Amino acid sequence: KTDTGIALVDLDEEGVDRAFRADVLKGLNQLPKAIPARWFYDQEGSRLFERITQLDEYYPTRAETDILKTRSNEFAQLVGQGRAVVEFGSGSSVKTPLLLEAIDPAAYVPLDISGDFLRESAVALSQKFPDLPVHPVEADFMRRVSLPDGVGPLKKLGFFPGSTIGNMVPRTAVDLLRSMRATLGADEGESPLLLIGMDLVKEQQKLEAAYDDSDGVTAAFNMNLVTRINRELSGTIPADALDHRAVWNDDLARVEMHLVANRDIDFTVSGESFSMRSGETIHTENSHKFTPRSANLLLLAGGWTPIKRWVDEDERFSVVLARA
Ligand code: AVJ
């Protein structure tokens, strides 16, 4: 039931993930240095992210969960019954069941690039919803994905929680929204819907605290990238020479995470030499924040018309329903 076909991770003769190496080497040769945030999520990174979601300072997960819990009747009414829920990402243990309970779908299709995460969450959901057909698809959802045969004729609801869209620069976010339209069959028959989580602009101090918590869990999450590079790519980056930094970039409306050198350093990765001056940074993540208008504009640019938005009672986070 959870057979998902061939693995998408391309390893070389030594078992090194080729895409990881290519992204890291390219990113370290850039000025400013930058490595895509998707590489945070190895086993330890995923565990640390799970801990982040439980921190006092990290409000997005709690705020979004709160919206999903309290608005279930409204979702059910607007979305109707019998849809296939297509989740972009393999599903969280908390949010996905809330949506599935609310709208009672005809099928659930998690899409993820990691077969391992996919299988884990598919098994957990099948136990919770024994009558719900679950069709996991191992795929890169940044491109159009063909859905399994049985799902084709059903009306679709795309689900993209967590403000993961915020990790993309606007160009990439628009490309993804357009790929989602295509995956959900926007130009064939019944118009699909999309339910998407988008974090909101708020006080700078609250935003920075969410990405630089007092227990240092987010710092450990950021530093884990260095550990992963050193382990998987034979790196010699001195971890004690890099510090975690989270800063609000007001012009671009995003929290940025960086690793800042606290002294001049030289190191190698996969046999290539690099150096950093004291104060130089490696940019590791963007987390864009939205206003109601900027959220609408982004969705419209991606081919989606907003229908309704919900916020939690402290107005920290939004969930938007849109139609293709
Ligand atoms: C849930 C993946 C969007 O940007 O808030 C949390 C990742 N990074 N703390 C976010 C994250 C640092 C998170 N995403």
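1. In this predicted model, seven strands form an open sheet whose order is β4-β3-β2-β5-β6-β13-β12, and the pairing within it is mixed. At its edges lie β4 (137-138) and β12 (305-311), each of which pairs on one side only. As general background, the strands of a sheet pair through backbone hydrogen bonds, and they do so either parallel or antiparallel.

2. Within this sheet, strand β2 (residues 84-88) deserves a careful look, since it is joined to strand β3 (residues 107-112) by five bridges, with the two strands running parallel. To locate this pairing in the structure, one can start from V86, whose bridge partner in β3 is V109. The connection can also be followed through helix α5 (residues 95-103), which together with β2 and β3 makes a right-handed β-α-β unit.

3. Strand β2 also pairs with strand β5 (residues 156-160), again in the parallel sense, and here there are four bridges. A useful landmark for this pairing is E87, which has F159 as its bridge partner in β5.

4. Is β2 largely enclosed or open to its surroundings? Five of the five residues of this strand are buried, and therefore β2 is largely enclosed by the rest of the structure. The student may recall that in a regular strand the side chains alternate between the two faces of the sheet. In β2, residues A84, V86 and F88 point one way while V85 and E87 point the other way, and the residues of both groups are buried.

5. Further along the order of the seven-strand sheet, the antiparallel sense appears as well, for strand β6 (residues 193-199) and strand β13 (residues 317-323) run antiparallel and are joined by seven bridges. One of the places to find this pairing is D199, whose bridge partner in β13 is F317.

6. There is also an open sheet of four strands, in the order β1-β11-β8-β7, and its pairing is mixed. The edge strands here are β1 (33-34) and β7 (242-249), each pairing on one side only. Helix α9 (residues 217-232) packs on this sheet, where it touches β7, β8 (254-261) and β11, and the direction of the helix makes about 120 degrees with that of β7.

7. For the edge strand β1, the pairing is with strand β11 (residues 281-288), to which β1 is joined by two bridges in a parallel arrangement. When tracing this pairing in the structure, one may begin at K33, whose bridge partner in β11 is I282.

Notes:
Residues are numbered from 1 along each chain as its sequence is written. This is a predicted model: local features need pLDDT of at least 70, side-chain atom pairs count only at pLDDT 80 or more; totals for chains, interfaces and linings use all residues. A residue is buried if 20 or more other C-beta atoms lie within 10 Å of its own, exposed if 12 or fewer, and partly exposed in between; C-beta atoms are placed from the backbone. Two strands pair if DSSP finds at least two bridges between them. A crossover is right-handed if, with the strands pointing away from the viewer, the path from the first strand over the helix to the second runs clockwise. Two residues are in contact if their C-beta atoms, placed from the backbone, lie within 7 Å. Axes are lines fitted to C-alpha atoms, for helices over the stretch in contact, and angles run from 0 to 180 degrees between N-to-C directions.
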